[in-house]
Amino acid sequence: MNAVIAVSLLIFFFMGVPIAIAIGLASIAGIHFGINLPLLLVAQRMFVGLDSFPLMAIPLFILAGNLMSAGGISRRLVELAKALVGGIQGGLACSCVLTCMMFASVSGSSVATTFAIGSILIPAMVKHGYGKPLAASIQASSAELGVLIPPSIPLILYGVSTETSVGQLFIAGFGPGLLVAAALMVTVLVICRLRGIGTHDGDDRQALWPAFVSAVPALLVPFVIIGGIYAGVFTPTEASVAAVACALVVGMLCYRELPLKALPGILRQTVISTTTIMLIISAAALFSFLIARSGLPGEVANWIKTVFSEPWSFLLAVNVLLLIVGMFIETSAAILVLAPILTPVAVSFGINPVHFGLVVVVNLALGMITPPLGVNLFAACAVAKIPLEKIIPQLIWFVLVVFCCLMLITYIPAITLWPVEIFMGS
């Protein structure tokens, strides 16, 4: 059965079949030709894969991000970031990183962050002499903070697929998120200084106090959500409902930029995005069931233990594997297929599953900014209106910086686990 599934997957990938359909068809082929089970199993396992309370947070966080973008929240976060760091050379690029970090604390999606923030800051950076390729590279790299800073949809998927605490994963995401954000800000400052660009980034920015006052309602949204989770007021899933409510109140009543007539379009956009993710989740649930039933995870675990005798070598192999996978396979599908296989092996090496979860997510986040299938690249290129090949030379430095951060996160567990120890005492 495993051979049938593997061959089918390769054929469908080379044919250009969408990832969710490819996984589903390969699983059906494995059932039909590999094992004697009724095809009714397909519908049953796909339904079971979606029958999870934490997964309810995904459509609601997507909706919250869309409401924030349409309701003027993202624009005020941009103005606040520009007021904070826009006065220095390269400050506009730093504003991009800082705004993405703030917006990520509600949207949970890197693609949503790219469109919401990039539509404002990419034209602004181009106007200040950055050039479209560099501006798009900065935006694409910064937007990956959307899957590191909680709430994060990939972290939810990892927690559900491996039965790891989503709350602990959210808390653990702060360390890697802040590390990557700081590294990206230093990188853009160095690039701006070496190339002599960004010298007039302070033009047209607001004073700090007016920008802060205007952004207070926008800042209350992540404060309510993250504070509510850590204070134990509500679960991460319930926090997604609070995110939608806050985004509606701020956009419609505080800023008055979210009219009722805009809601049908926002809901439609949310449904389309949710359907895509949920189809991948359901197909991956069927795929994971078949792989588990075949005994492949146990065989892989035994093979890994014979080849890699130390945790550091295992983590290095995982990084290489996930970096390659992240370049070709969508993040959600990669997590749902590989995490249930790799996490038990990591635990057997004494690696904390929360730490390993962040290693997995940071790896796949790097895949979002690497060709040929980096979703953030396509989104940033769409906003900047440039072809993909023009962004690659400017992107190399950011990929290298994030890779260095990945190595630190992998081999210094304290970066990931210290927030958990502080907030939860374990």
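Right after helix α19 comes lysine 385, and its phi is positive, near 60 degrees. This is a predicted model, so the angle, like every other value here, is computed. Most residues other than glycine have a negative phi. Lysine 385 is not a glycine, yet its phi is about 60 degrees. The residue sits in the loop between α19 (375-384) and α20. With a relative accessible area of 71%, lysine 385 passes the 50% mark and so counts as exposed.

The helix just before this loop has a good number of residues tucked away. In α19, the buried residues are Asn376, Leu377, Ala379, Ala380, Cys381 and Ala384. Their cover includes α7 (110-127), α8 (132-143) and α20.

On the other side of the loop, α20 runs for 24 residues. From its first C-alpha to its last, α20 reaches 33 Å, close to the 34 Å expected at 1.5 Å a residue. Even so, the helix has a kink of about 50 degrees, centred on glutamine 394. Glutamine 394 also turns up among the buried residues of α20, along with Ile391, Leu395, Phe398, Val399, Val401, Val402, Cys405, Leu406, Ile409 and Thr410.

α20 (388-411) has a part in the surface too, as it supplies at least two residues of a nonpolar patch, and α16 (311-328) does likewise. The patch covers about 760 Å² and is made by Trp312, Leu316, Val320, Ile324, Phe328, Leu408, Tyr411 and Ile412. The largest share, 5 residues, comes from α16. One member of the patch is tryptophan 312, placed in helix α16. Its relative accessibility is 54%, so tryptophan 312 counts as exposed.

A second positive phi shows up elsewhere, at arginine 256, where the angle is about 55 degrees although the residue is not a glycine. Arginine 256 lies in the loop between α13 (236-254) and α14 (263-294). Because its relative accessible area is 69%, this arginine is exposed.

The loop between α13 and α14 also holds glutamate 257, which takes part in a salt bridge. The structure has 1 salt bridge, and its partners are the side chains of arginine 76 and glutamate 257, which meet at 2.8 Å, N to O. The pair ties together distant parts of the chain: arginine 76 belongs to helix α5 (residues 73-85), and the two residues are 181 residues apart. How buried or exposed are the two partners? Arginine 76 has a relative accessible area of 13%, so it is buried. Glutamate 257 has a relative accessible area of 29% and is therefore partly exposed.

Last comes a residue in the interior. Threonine 99 is part of helix α6 (residues 91-107). Its relative accessible area is 0%, so threonine 99 is buried. Which residues does threonine 99 contact, leaving aside its neighbours within four places in sequence? They are Ser74, Leu77, Val78, Ala81, Ile117 and Leu121.

Terms used:
Residues are numbered from 1 along each chain as its sequence is written. This is a predicted model: local features need pLDDT of at least 70, side-chain atom pairs count only at pLDDT 80 or more; totals for chains, interfaces and linings use all residues. Side-chain values use heavy atoms; hydrogens and water are left out. Patches are made of residues with over 30% relative accessible area and no salt bridge: like charges are joined within 9 Å, nonpolar side chains (Val, Leu, Ile, Met, Phe, Trp, Tyr) within 5 Å. Accessible areas come from the Shrake-Rupley method with a 1.4 Å probe; for residues, only the protein chains shown count as cover. A salt bridge is a side-chain nitrogen of Lys or Arg within 4 Å of a carboxyl oxygen of Asp or Glu. Helices (H or I, at least four residues) and strands (E, at least two) are DSSP runs, numbered from the N terminus. Buried means under 20% relative accessible area, exposed over 50%, partly exposed in between (1.4 Å probe, protein chains only). Contact means heavy atoms within 4.5 Å. The expected span of a helix is 1.5 Å times one less than its number of residues. The bend at a residue is the angle between axes fitted to the seven residues ending there and the seven starting there.
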